[in-house]
Amino acid sequence: MQYNFYKNPLFRVYAEIEEDRVKMKTSGVASPFMKKTLAGNLGIFDGKKYSKAEETELIFSTWMPPIPSPAFDRLVKSQLSAMFGKMIPDQVTISITEDCPNNCIHCALPDSKHRAKLSPPTVKDVIDQVLDMGTTFVIFDGGEPLTYQGLETLIRYVDRKKAIAGMFTSGVGLTEEKARALKKAGLYSLTVSFDSAFEEKHDRIRGREGVFKSAVAAVKNGLSAGLLMNIYIVLSKENVDELDEIYALASELGVHELSFYEIVPTGRWLEHSSEILTSADLAKFDAFVARAEAKKGPRVFPIPQVMRTTGCMAGRKWLHVTPQGDVLPCACIPRSYGNIHSDKIKDVWKKIRAETVYNADSCLMRNPEFREKYLGLSD
């Protein structure tokens, strides 16, 4: 089976599956030149695991539209535009509510104590605006989005010809019935957060007993409903020595992908900049990724490694909207450049893009100079 990534009269990029790996191929008279030009882009896929392969489409990652699809065509277009310096927010996270039954020690959402949430018409307007800008992945976040009444209506509103809809959850409240309703509404991928492979530690970090059991049940219910399932790990000193156990858990549950994000000093973790991962910790992670790539099991999406190639995505490929309506360069940078209740998102995006700092080679929130200059924080 061949899956078209891109095709025009002079050049074609497509993939074939060989021994459970993606093999990238090109054809056409312009192939020699374009293959060299796009070597970095093709390298993201070539020889790598994929999340799921079906007869008509390849799901390379739960973070990416299916290949081929109109939404993926839009993503390709945005990547080509980015090569010429025109950036759009490919991924937009919308924190639709502050409500959450948990009390995570590393939560990125500030404690406003106002239980803020965005109204359905407001969220729909945000979706319209970002899709017009070219966004291809809309993620519903919180708080805990499963507490939001009318969640399915918002998911259904995302035009699947333009973008995929995803959601982050702790898993609390994801019953079998709810999982089926989300699937029916058009949810593309569901990401369940884990902090540890061990129940007691996970519950301690989440600030409440029973969250681990809820997360495991959510994964099982999501899979049963036919959703693409991703487990999300905030990589920290708490779990960097249990990576193989985490992978074993993900394999046992049968998820499609296992994603890792390096802990960031933000939100409740803002004063913990001294506790970010060391180079030795990251070396452990790199060794784990190599081991996992050679195993049978879910695809690993190692965001810390990916960012070494792509640079920081904040304000460059990522945009975040808070429950108060503030527009941030990403969910981890508590600096508002506008508010959806008074500003057009495209105008806020222009303001962000005018700040040259949002072309960084590495995570800005781990940079002491950025935190001091832009947030007034000193270590």
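Strands 1 and 2 are a good place to start in this predicted model. Strand 1 covers residues 2-8 and strand 2 covers residues 11-18, and the two run antiparallel, paired over six bridges. The link between strand 1 and strand 2 is a hairpin of two residues. If you want one contact to look up on screen, take Tyr3, whose bridge partner in strand 2 is Ala15. As a reminder for when you look along strands like these, side chains in a regular strand alternate between the two faces of the sheet.

Now for the cysteines. How many disulfides does a search of the whole structure find? The count is zero. Cys330 and Cys332 are worth a look here. The sulfur of Cys330 has its closest cysteine sulfur in Cys332, but no bond is counted because the 4.5 Å between them is too far, the cut-off for a disulfide being within 2.5 Å. Seen from the other side, the closest cysteine sulfur to that of Cys332 is the one in Cys330. Both residues are tucked away from the surface, as the table shows.

| Cysteine | Relative accessible area | Class |
|---|---|---|
| Cys330 | 4% | buried |
| Cys332 | 8% | buried |

Last stop: the second largest pocket, which holds about 320 Å³ of space. Its lining is made up of 17 residues. Which of them lie nearest the centre of the pocket? Those are Glu57, Pro66, Lys183, Leu187 and Tyr188. By character, the lining splits into nine nonpolar, three polar and five charged residues.

Methods
Residues numbered from 1 in each chain as written. Predicted model: local features only at pLDDT ≥ 70, side-chain atom pairs only at ≥ 80, totals over all residues. Heavy atoms only, no water. 1 Å grid on protein atoms, 1.4 Å probe; cavity = no way out; pocket = protein on both sides within 12 Å on 5 of 7 lines; lining within 4 Å. Points joined across faces, edges and corners; volume = space filled by probe spheres on them. Nonpolar A, V, L, I, M, F, W, Y, C, P; charged D, E, K, R; others polar. Pairing = 2+ DSSP bridges. Helix = DSSP H or I, 4+ residues; strand = E, 2+ residues; numbered from the N terminus. Buried < 20%, exposed > 50% of the residue type's maximum accessible area, 1.4 Å probe, protein only.
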